[in-house]
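Colleague: I am new to this structure and would like a close look at a single part of it. Could you take one strand, describe its faces and its neighbours, and then place it in the wider picture?

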Amino acid sequence: MRFSSIKYFIKEGFKNVWVNGMMSLASILVMICCLILTGGAVLLSINISNTLKSIEEQNTITVYLKQEVTSSEAENIGNKIKNIPNVLSCNFYPKEEAVKEYKEMLGALFEVLQEDENPLPDAFHVTMEDLSQYENTVSDINRIDGIEAVSDRSDTAERLTDLNRLVANAGIWVIISLGAVSLFIISNTIKVTMYSRRFEISIMKSVGATNWFIRIPFIIEGMTIGLISAVLSTIILKFAYDELMVVINNIVPFKGIPFDNLIWYVAGGFSIVGILFGLVGGLISISRYLKKEGGDVVAW
Amino acid sequence: MIEFKNVSKVYDNNTVALKDFNLSISSGEFVFVVGASGAGKSTFLKLIMCEETPTSGIIIVNGQDLSSIRKKDIPYLRRTMGIVFQDFRIIDKMTVFENVAFAMHIIGASDREIRKRVPYVLGLVGLENKARRLPSELSGGEKQRVGLARALVNNPSMIIADEPTGNIDSSMSFEIVELLGEINKCGTTIVMVTHDLSIVKHFHFRTVEIGEGRVKNDTGLIRGDQK
């Protein structure tokens, strides 16, 4: 391919976005709506699962040691717990600290107990990576020598796991449905655009343009529209997201993921999807007109 | 240059457009093709331009047998001919210059060649001062000149004109045919389909009359002199 042709394709592709103003604007608006809807659903799902994860992390179980366990044995037990695959963190919680906390909590009531007869055992605070593995991890811990008991929170763990699964499943379906709707709307917009330009395509064919010569500027045009939509969608979504966070925070204390942490993923994802839709949409819809000849393309 | 040997064309709805059609047009000729509506004129042109394939028979255009032409070679065959349409078929969003330059871009001409050749061809058709105009700012005759300039710009060996005067007034029509005559004098073969018998009578070129899918009449004149 000659350099002059490449230059021509790029110039035509960009120029066509401008020349076909209204159709380009319609395509950009449709694509922005689709990207924002789908992107918004992805962000919502990420935020919910992030919140659930942080709740999971706060969901600590307490592993009580037997009274007779010495401090070096306790250290050993701590290491064994840490080596269990699903354990995220394991912090020693000495009985002295437990007493202090109980004293603070119960006040005078606790004074009846003498300090040298501390009834509380040493313990570990353990968090898990995946709460759905709760039962297995607890039985692994129970198998270690020197452990008296493990606080049972299987109910909470189960509920959190179920909720997490529900959010993940619902999120995927919402995103798939929105993606399918977007694809349908975008492909229809491209079809309308192509229909309005079938005349142009037919002229190109009649003066001896090869199919690729006709296709390339359309593809560049589609990709440019996709890219413009991606940039605008990222900007709009940023403002909408930030505003929404402020509103939500006024109602409930909620620590969402700051948009700035996600901006490059959002922009990158939007650009890839936008360009891909422009490319594939352009290729598919133009092929219908490329198969036809002169009078069949349009009733002259 | 153009050879039809026992060509028949039957459309899917069983309409017989051409039946054992035989015609030979040599290089450098100017031929009028006339006939009533539905006689087969459009099919004749569509077959030359490879928009249709014959049901039977042999068609040879510029040395290429169209019955065996590969699909990907069709654009290259079309580049050897300039085509002028009754409805001009120029792109509304492009200026006069761009409409003509477009045909050169297709063959991969450089910007320098385009800048040199397009004004020259626009000069030939008398549109040198309207290069920057959009088609909506032109009269019917001027639009057809743009179509003619586009057909000419790649120096084709033949020009196929499908009722080029059908949508313009009669004085403009004569000018367009005169212009085609001038181009023909430089050696370009011209095949012009027309309904306008006054033009056929005025210019003494070979005239082929098509009727019921066959050549009904052929004056067989190689070249005629203008009145």
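**One strand and its partners**

Modeller: In this predicted model, 4 bridges join strand β1 of chain A to strand β3 of chain A, residues 123–128, and the two run antiparallel. Within that pairing, A:I61 of β1(A) has A:V126 as its bridge partner in β3(A). Strand β1(A) also pairs with strand β4 of chain A, residues 147–150, again in the antiparallel sense, and here the pairing extends over 3 bridges; in β4(A), the residue that stands opposite A:V63 is A:V150. The strand itself spans residues 61–65, and its residues divide between two faces: A:I61, A:V63 and A:L65 lie on the covered face, whereas A:T62 and A:Y64 lie on the uncovered one. Read together, these points show that A:I61, whose partner is A:V126, and A:V63, which faces A:V150, both belong to the covered face of β1(A).

Turning from the strand to the contact between the chains, 16 residues of chain A and 17 residues of chain B take part. On the chain A side, α1 (3–19) and α8 (198–206) each supply at least two residues, and the largest share, 4 residues, comes from α1(A). Sorted by class, that side of chain A has 7 nonpolar, 6 polar and 3 charged residues.

As for chain B, its secondary structure consists of 7 helices and 10 strands, and buried residues make up 44% of its 227 residues. Among the contacts in chain B with a separation of 6 or more, 67% are between residues 24 or more positions apart.

Definitions and conventions. Residues are numbered from 1 along each chain as its sequence is written. Chains are lettered from A and ligands numbered from 1 in the order in which they are written. This is a predicted model: local features need pLDDT of at least 70, side-chain atom pairs count only at pLDDT 80 or more; totals for chains, interfaces and linings use all residues. A residue is buried if 20 or more other C-beta atoms lie within 10 Å of its own, exposed if 12 or fewer, and partly exposed in between; C-beta atoms are placed from the backbone. Two strands pair if DSSP finds at least two bridges between them. Two residues are in contact if their C-beta atoms, placed from the backbone, lie within 7 Å. Ala, Val, Leu, Ile, Met, Phe, Trp, Tyr, Cys and Pro count as nonpolar, Asp, Glu, Lys and Arg as charged, and the others, Gly among them, as polar.
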